[in-house]
Amino acid sequence: MTGLLAGLVANLIVIFARFVTAVRGIWMSGPPDTRPKVYFANHTSNGDFVLVWAALPHRVRSRTRPVAASDYWLTNPLRAFVGREVFKAVLINRNPEERTEDPVQLMLNALDDGSSLILFPEGKRNMGPDRLLPFKTGLYHLARQRIDTDLVPVWIENLNRALPKGEILPIPIICTVTFGPPIQIALNETKEDFLARAQAALAKVAETVERPRS
Amino acid sequence: MTMPLPDLTSLLAGLGLFMLVASVAGYVLQLWFSPEGDNPVIENLNARIRSWWAMIILMALALLAGRVGTTLLFAFASFAALREFVTLLDTRRGDHWAVAVAFFIVLPLQYWFIATNWYGLYSILIPVYAFLIIPMIAVLRGDTERFLGRVAGIQWALMICVYCIAHVPALLNLEIPGYAGRNVMLIAFLIIVVQGSDVAQYIWGKLLGKRKIAPSVSPSKTVEGFVGGALSAVVIGAALSWITPFGPVRAGLMAFVIVIAGFLGGLVMSAIKRDRGVKDWGHTIPGHGGFLDRLDSVIFSAPIFFHLTRYWWSLT
């Protein structure tokens with residue numbers, strides 16, 4: 001029963017996201033297969049995850065889980081239902097002192113179960129003038145322990161215009177989600193080198209997006 | 001509400017036949033020139049034809065469904081068009097409320113007044129009330145950076161995407177003596193003349209096009225395409241006089257006005273795209289681009305067609 005309801009809510013959320021953003025997925029290296037992958041995306045809006053999710057083909061979407069903050073998603077029963085049952089989020093406590101489980105281990109478990117992950121390595125929403133904030137280290141730890149897993153840079157364009165920080169009502173603006181060519185970690189690559197390369201890969205995807213003059 | 005009109009069914013049957021011929025021609029051209037799918041012109045042509053089928057079927061269903069179906073279809077077209085237009089605007093956070101009001105209050109109200117035939121209000125809602133209220137809302141957010149340009153952009157978006165497009169279903173409100181219950185045919189006339197002209201300009205341009213007519217605005221438009229398209233549309237219009245309250249000569253003249261307004265309107269919309277640095281308004285309709293790429297000439301001709309018909313033929 002909960003599963004049916006969660007599926008229905010998931011479809012309604014995707015329909016709503018399409019209505020507002022007419023979201024279009026652009027696949028620079030062809031459409032995805034269903035093998036577990038790590039999608040890492042820029043983060044400017046609370047709706048980012050939903051948009052990536054809506055842009056994925058249905059078969060891929062049903063086995064793709066966001067990595068999200070438990071201190072946000074478990075604050076009330078409605079959010080907990082949406083976070084746990086609808087999005088099947090891998091919930092991570094952002095406060096190290098309160099943690100009972102290792103966040104990287106939680107993500108690895110999800111990958112080993114055959115799920116793909118969506119994660120926002122900037123760690124928080126980017127409100128500044130820079131295209132990307134420095135990446136947190138989670139992506140590196142994940143990559144080092146699953147060296148064969150494809151890491152897909154994902155650029156979300158325009159959603160911060162549809163739903164800027166502090167607004168509740170989204171306005172209809174066309175958004176695109178561009179999935180770049182996957183990267184993998186190299187043997188002996190240092191944390192700094194890898195994170196810089198991952199960030200550069202995402203910035204490169206951002207440059208391919210067609211946008212009006214500003 | 002009413003039984004499907006015999007006129008409408010025979011018109012749709014004719015269109016279906018025409019599309020069948022076009023599809024066969026597209027298929028033959030593909031076998032000949034693009035067997036591997038490598039000729040972009042042929043591939044685009046066939047994508048266009050496929051999209052035309054979808055658009056004609058949708059349009060036919062709406063017209064057959066009568067007033068409610070037609071109004072809803074154009075309300076949705078306005079929504080999709082407004083979404084494309086606003087996407088290309090250089091909005092700032094301070095525009096959020098103004099844009100939200102445009103989408104969620106002005107657009108539904110405009111179509112509500114059209115559906116309830118409140119002429120006095122649907123003809124001034126956007127040019128008077130929205131024109132004044134949009135900047136009032138924007139100014140409350142206190143962001144003065146590029147204020148005039150931002151507000152004007154939203155006002156333009158509403159005029160183009162909501163006010164002008166809404167004049168198509170508004171044709172259902174005209175009361176023309178001896179034409180009662182047949183107003184839906186005015187919509188069919190307008191759409192067929194406009195889109196027929198676009199298609200004819202495309203075909204004449206591809207066949208004979210040499211001299212560019214507006215190279216800095218729309219490099220694909222040619223003098224030959226325009227003249228051939230306009231003449232074809234006038235012939236189509238005159239030939240369709242049996243579905244209108246006009247005689248053949250006036251139907252041809254009406255078609256001429258529609259074509260000129262549509263052509264220049266198409267140039268205006270191209271100039272806006274150039275200014276913003278994009279090729280198409282959107283990607284929703286394969287082969288065509290966005291809703292606005294398909295509707296640009298309807299937008300500029302619909303209000304003129306509405307008012308000419310209203311002035312000379314309608315009682316209201």
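This report describes a predicted model with chains A and B, moving from the contact between the chains to the helices and domains of chain B and then to single residues.

**The two chains and the core**

Between the chains, 15 residues of chain A are in contact with 18 residues of chain B. On the chain A side of this contact, the residues divide by class into eight nonpolar, two polar and five charged. The largest nonpolar core comprises 137 residues, and the residues with the most contacts inside it are Leu51(A) and Val52(A) from chain A, together with Leu82(B), Ala102(B) and Ile165(B) from chain B. In soluble globular proteins, nonpolar side chains tend to be buried together.

**Two helices of chain B**

Helix 1 of chain B covers residues 6–33, and its 28 residues should span 40 Å at 1.5 Å a residue; because its end C-alpha atoms are 40 Å apart, the expected and computed spans agree. This helix is hardly covered, since among its 28 residues the count of buried residues is one.

Helix 4 of chain B, residues 96–115, has 20 residues and reaches 28 Å from its first C-alpha to its last, which is close to the 28 Å expected at 1.5 Å a residue. Helix 4 of chain B nevertheless bends by about 35° at Ala102(B), a residue that is also listed among those with the most contacts inside the largest nonpolar core. Once its neighbours within four places in sequence are left aside, Ala102(B) is in contact with Leu82(B), Leu107(B), Ile134(B), Ile154(B), Ala157(B) and Leu158(B).

The buried residues of helix 4 of chain B include Ala102(B), and among the others are His96(B), Val99(B), Phe103(B), Gln110(B), Tyr111(B) and Ile114(B). The packing partners of the buried residues of this helix are helix 3 (67–88), helix 5 (119–122), helix 6 (125–140) and helix 7 (147–170), which also belong to chain B. Asn117(B), with a positive phi near 60°, follows helix 4 of chain B.

**Domains of chain B**

The domain assignment divides chain B into domain 1 (1–64), domain 2 (68–173) and domain 3 (181–316). Taken over C-alpha atoms, the centres of domain 2 and domain 3 of chain B are separated by 23 Å. Their contact takes 16 residues from domain 2 of chain B and 20 residues from domain 3 of chain B. On the side of domain 2 of chain B that touches domain 3 of chain B, helix 3 and helix 7 of chain B each supply at least two residues, and helix 3 of chain B gives the most, with seven residues. By class, that side of domain 2 of chain B has 13 nonpolar, two polar and one charged residues.

**Single residues in loops and at longer range**

Two residues of chain A other than glycine have positive phi values: Ala22(A), where phi is near 45°, and Lys88(A), where phi is near 50°. Ala22(A) lies in the loop between helix 1 (2–21) and strand 1 (24–27) of chain A, whereas Lys88(A) is placed in the loop between helix 5 (77–86) and strand 4 (90–92) of chain A. Ala22(A) is buried because 21 other C-beta atoms lie within 10 Å, and the cut-off for a buried residue is 20 or more. Lys88(A), by contrast, has 17 C-beta neighbours inside 10 Å and therefore counts as partly exposed.

Three further residues can be placed by their surroundings. Pro35(B), in the loop between helix 1 and helix 2 (40–64) of chain B, is exposed, with 10 other C-beta atoms within 10 Å. Arg211(A), in the segment after helix 9 (191–207) of chain A, is partly exposed, with 14 other C-beta atoms within 10 Å. Leu8(A), a residue of helix 1 of chain A, is exposed, with 11 other C-beta atoms within 10 Å.

The table sets the sequence separation of three residue pairs beside their C-alpha to C-alpha distance.

| Pair | Apart in sequence | Apart in space, C-alpha to C-alpha |
|---|---|---|
| Pro35(B) and Ser10(B) | 25 residues | 35 Å |
| Arg211(A) and Thr34(A) | 177 residues | 30 Å |
| Leu8(A) and Val86(A) | 78 residues | 8.7 Å |

How values were computed. Residues are numbered from 1 along each chain as its sequence is written. Chains are lettered from A and ligands numbered from 1 in the order in which they are written. This is a predicted model: local features need pLDDT of at least 70, side-chain atom pairs count only at pLDDT 80 or more; totals for chains, interfaces and linings use all residues. Helices (H or I, at least four residues) and strands (E, at least two) are DSSP runs, numbered from the N terminus. The expected span of a helix is 1.5 Å times one less than its number of residues. A residue is buried if 20 or more other C-beta atoms lie within 10 Å of its own, exposed if 12 or fewer, and partly exposed in between; C-beta atoms are placed from the backbone. Two residues are in contact if their C-beta atoms, placed from the backbone, lie within 7 Å. Ala, Val, Leu, Ile, Met, Phe, Trp, Tyr, Cys and Pro count as nonpolar, Asp, Glu, Lys and Arg as charged, and the others, Gly among them, as polar. A nonpolar core is a set of buried Ala, Val, Leu, Ile, Met, Phe, Trp, Tyr and Cys residues joined through C-beta atoms within 7 Å. The bend at a residue is the angle between axes fitted to the seven residues ending there and the seven starting there. Domain bounds come from an automatic or database domain assignment.
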